[in-house]
Amino acid sequence: MPIWVDGDACPAAVKEILFRAAERTFTMVTLVANQQLRVPRSPWIRAMQVPRGFDVADARIVELVQPRDLVVTADIPLAAAVVERGAEALNPRGEIYTTDNVRGLLDLRNFMDTLRAGGVDTGGPASFGKADRQAFASQLDR
């Protein structure tokens, strides 16, 4: 099961967890981003740089992902697209996206975007902390 990572906004702590898992389990981890990313020298870890542009990295992941691959992303539209293709998706905070929950999450995201476009301050996500790292690592192990 290859792991694809939406590398543009993935927290460093999650990347470190993924790098250790790649080495331990001999699993290919590919970070896809529109900027150059530093990754450890390993036959199991690579970085793929794509051209700059809106959702170019996401489109490349969707193009390459195969059923049963794992995609790590906080981007709900990307998660919906990969789940639709039969892949698995995991949020850096440890939430698994499924066919049962991704549409509802996408609807909520779109609703919040509409509120923000109308000038409503909806706040942002809580800062990424130790509990998030632990939740991610636990779900990754499963």
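**Exercise 1. Decide whether T30 is buried or exposed, and find its surroundings.**

Step 1. T30 has a relative accessible area of 2%. The cut-off for buried is under 20%, so T30 is buried. This value, like the others below, is computed from a predicted model.

Step 2. Place the residue: T30 is part of strand β2.

Step 3. List its contacts. Not counting residues up to four places away in sequence, T30 touches I3, W4, V5, R46 and M48.

Step 4. Look at β1. From this strand I3 and V5 point one way, while W4 and D6 point the other way. All four of these residues are buried.

Step 5. Relate the two strands. β1 and β2 run parallel and are joined by four bridges. V5 of β1 has L31 in β2 standing opposite.

**Exercise 2. Work out the strand order of the sheet and say which strands stand at the edges.**

Step 1. Strands of a sheet pair through backbone hydrogen bonds, and the pairing can be parallel or antiparallel.

Step 2. Here six strands form an open sheet, in the order β3-β2-β1-β4-β5-β6, with mixed pairing.

Step 3. β3 (45–49) and β6 (96–97) each have a single partner strand, so one side of each is left without a neighbour in the sheet. These are the edge strands.

Step 4. Check the pairing at β6. β5 and β6 pair in the antiparallel sense, over two bridges. L90 stands opposite I96 in β6.

**Exercise 3. Find which strands helix α3 touches and which strands α1 lies across.**

Step 1. α3 (residues 76–84) packs on the sheet and touches β1, β4, β5 and β6. Its direction makes about 160° with that of β5.

Step 2. α1 lies across β1 (3–6), β2 (29–33), β3 and β4 (70–72). The angle between α1 and β2 is about 145°.

**Exercise 4. Describe the position of A21 and its contacts.**

Step 1. A21 belongs to helix α1. With 8% relative accessibility, A21 counts as buried.

Step 2. Leaving aside neighbours within four places in sequence, A21 is in contact with F26 and L140.

Step 3. Compare sequence and space for A21 and L140. They are 119 residues apart in sequence, and their C-alpha atoms are 8.6 Å apart in space.

**Exercise 5. Describe the largest pocket and the second largest pocket.**

Step 1. Rolling a probe the size of a water molecule over the atoms shows where empty space is left.

Step 2. The largest pocket has a volume of about 820 Å³. It is lined by 32 residues, and the closest to its centre are A74, D75, I76, N91 and P125.

Step 3. Sort the lining of the largest pocket by type: 15 residues are nonpolar, seven are polar and 10 are charged.

Step 4. Assign helices. α2 (56–64) and α4 (102–117) each supply at least two residues of this lining. α4 gives the most, with six residues.

Step 5. The second largest pocket holds about 300 Å³ of space. Its lining has 15 residues, and M1, L70, Q139, L140 and R142 are the closest to its centre. L140 has already appeared as a contact of A21.

Step 6. The lining of the second largest pocket divides into eight nonpolar, three polar and four charged residues. α1 (12–25), β5 (88–90) and α5 (130–141) each supply at least two of its residues.

Conventions: Residues are numbered from 1 along each chain as its sequence is written. This is a predicted model: local features need pLDDT of at least 70, side-chain atom pairs count only at pLDDT 80 or more; totals for chains, interfaces and linings use all residues. Side-chain values use heavy atoms; hydrogens and water are left out. On a 1 Å grid over the protein atoms alone, a cavity is a set of points where a 1.4 Å probe fits but cannot get out, and a pocket is an open set with protein on both sides within 12 Å along at least five of seven lines; lining residues have an atom within 4 Å of a point. Grid points are joined across faces, edges and corners, and a volume is the space filled by probe spheres set on the points. Ala, Val, Leu, Ile, Met, Phe, Trp, Tyr, Cys and Pro count as nonpolar, Asp, Glu, Lys and Arg as charged, and the others, Gly among them, as polar. Two strands pair if DSSP finds at least two bridges between them. Contact means heavy atoms within 4.5 Å. Axes are lines fitted to C-alpha atoms, for helices over the stretch in contact, and angles run from 0 to 180 degrees between N-to-C directions. Buried means under 20% relative accessible area, exposed over 50%, partly exposed in between (1.4 Å probe, protein chains only).
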